[in-house]
Amino acid sequence: MSYDAISLTKSLIQCPSVTPSDAGCLDILTKALTDAGFQCREINRGETKNLWAKIGASQPSILFCGHVDVVPAGSAPWKFPPFEPTESEGYLYGRGAQDMKTSDAAFTAAACRFVLEYPNFNGSISFLITSDEEGDGRDGTKFALEALMKTEEAPMCCIVGEPSCSVKLGDTIKNGRRGSLNGKLILKGIQGHVAYPEKVKNPIHMVGPLISRLSSEVWDEGFGPFPPTSFQISNIHAGTGAVNVVPPVCEITFNIRYNPAHTAKSLEEKIESICRGLGLDYSVAWQESAEPFFAQGTFLTSRLSKAITAVTGIEPVLSTSGGTSDGRFVKNWCPDIVEFGPTNDRIHKIDERVELSQISDLAEIYYQTLRNIFLDQTHE
Ligand SMILES: [Zn+2]
């Protein structure tokens with residue numbers, strides 16, 4: 001049996017798997033992996049499906065994390081129907097082509113090829129593929145990992161197949177992501193008539209010193225390859241609409257993108273201490289949307305980089321830019337974690353597409369990475 005990454009990608013795009021539906025994608029992957037000897041089981045909750053597949057039991061071990069769900073096609077017209085994979089001028093069009101059915105198919109093809117060629121390899125390869133990454137993720141990777149951590153040995157390293165490259169396949173490995181913390185701060189004053197300043201306390205007037213303090217704060221000078229932590233206010237709301245009323249409260253919402261020099265808790269304490277220092281009467285609701293991660297060690301990056309250069313001739317750069325991914329959950333179990341997948345110029349857009357050559361090259365890169373992990377012991 002041959003495992004062709006391009007035809008597997010097409011089969012996955014054919015499934016209209018808008019979050020949290022997998023629309024049959026996991027059955028397709030289960031079939032391919034089972035045929036190659038993987039043990040597969042689903043860890044499902046609610047409408048979300050999560051596939052766990054594994055072969056081998058010893059070390060070294062690698063986990064591939066992926067998602068088969070996609071964002072909706074949207075209302076704007078597409079050049080080709082979004083769930084009918086179509087080849088045109090060297091590209092494969094379809095929703096999920098970059099984010100991230102190509103990676104799911106390429107890693108599946110690579111792993112099946114590897115275990116058929118080397119049935120007695122020492123080590124283990126596992127997959128965790130969810131149908132809830134583009135949504136709130138509550139029942140997806142986070143939930144499945146919590147179940148798996150109780151019984152499964154932690155893998156040595158993990159590739160998340162998110163589209164990491166910016167211009168050419170191979171140009172970027174993401175070896176970390178910043179954390180994200182949201183806060184909704186309510187400054188409390190005393191409402192009253194503007195003509196009686198002695199009887200009111202204007203919360204809008206307290207905003208000035210607070211904003212100047214928070215926006216000029218130097219949180220850090222950066223951390224390794226991470227840029228400095230950044231604080232941004234996204235909304236300020238106050239006022240009753242009347243010109244002669246001092247409002248009772250002023251609400252400020254903000255976000256902090258932070259590097260591993262901080263934790264959400266340390267930032268929360270710092271901001272609350274600034275508020276207290278200014279003598280403010282306030283309350284704040286925190287929403288910790290993602291913790292940062294940073295790949296620990298070079299075991300995986302050295303082997304993946306070598307494979308990338310062998311296939312594409314490109315020396316990948318290591319980057320920590322971009323938003324959040326399911327890597328934020330995996331790092332608690334497996335700290336040597338990177339993201340590597342195709343280019344990301346069309347993700348979530350209309351006419352999402354991937355270069356056909358990237359699909360087969362990505363499968364070759366993943367395959368050679370497996371060889372570098374399991375067969376070539378000369379890296380240390
Ligand atoms: Zn994605």
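These legends walk through several close-up views of one predicted protein model.

The model is predicted, so local features need pLDDT of at least 70 and side-chain atom pairs count only at pLDDT 80 or more, while totals for chains, interfaces and linings use all residues. Residues are numbered from 1 along each chain as its sequence is written, and side-chain values use heavy atoms, with hydrogens and water left out.

**View 1. The whole protein, before zooming in.**
Nine helices and 19 strands make up the secondary structure; here helices (H or I, at least four residues) and strands (E, at least two) are DSSP runs, numbered from the N terminus. Along the principal axes, the C-alpha atoms fill a box of roughly 85 × 50 × 40 Å. Of the 380 residues, 51% count as buried, and "buried" means under 20% relative accessible area, with exposed over 50% and partly exposed in between (1.4 Å probe, protein chains only). Take the contacts between residues at least 6 apart in sequence: 81% of them join residues at least 24 apart. Contact means heavy atoms within 4.5 Å.

**View 2. An open sheet of four strands with helices packed on it.**
The strand order is β12-β14-β10-β15, and the pairing is antiparallel. Two strands pair if DSSP finds at least two bridges between them. The edges belong to β12 (230-238) and β15 (282-290); each has a single partner strand, so one side of each has no neighbour in the sheet. From one strand to the next, the twist averages 15 degrees. Helix α5 (residues 203-216) packs on the sheet and touches β10 (179-188), β12 and β14, with its direction at about 150 degrees to that of β10. Helix α6 (residues 264-277) lies across β10, β12, β14 and β15, and runs at about 160 degrees to β15. For these angles, axes are lines fitted to C-alpha atoms (for helices over the stretch in contact), and angles run from 0 to 180 degrees between N-to-C directions.

**View 3. Zooming in on β12 and β14.**
Eight bridges join β12 to β14 (residues 249-258), and the two run antiparallel. Look for H237: its bridge partner in β14 is E251.

**View 4. Strand β7 and its partners.**
β7 is covered on both faces: C157 and I159 are buried on one side, C158 and V160 on the other. With β3, β7 pairs in the parallel sense over four bridges, and C65 stands opposite V160. With β18 (residues 337-339), β7 also pairs in the parallel sense, over three bridges; I159 has V338 as its bridge partner there.

**View 5. The zinc site.**
H67 (NE2), D99 (OD) and E162 (OE, listed twice) are the protein donors, lying 1.9 to 2.7 Å from the zinc ion. Donors are N, O and S atoms within 2.8 Å of the metal (3.2 Å for Na, K and Ca); water is not among the atoms, so sites may look incomplete. Along the chain, the donors follow the spacing H-x31-D-x62-E. H67 sits in strand β3 (residues 61-67) and E162 in the loop between β7 (157-160) and β8 (172-174), 95 residues apart, so the pair links distant parts of the chain. H67 is buried at 1% relative accessibility, and E162 is buried at 8%.

**View 6. Cysteines without a disulfide.**
The structure holds zero disulfides, a disulfide being a pair of cysteine sulfur atoms within 2.5 Å. For C25, the closest cysteine sulfur is in C15, 3.9 Å away, which is too far for a bond. For C250, the closest is in C275, at 12 Å, again too far. C25 is buried at 0% relative accessibility, and C250 is buried at 1%.
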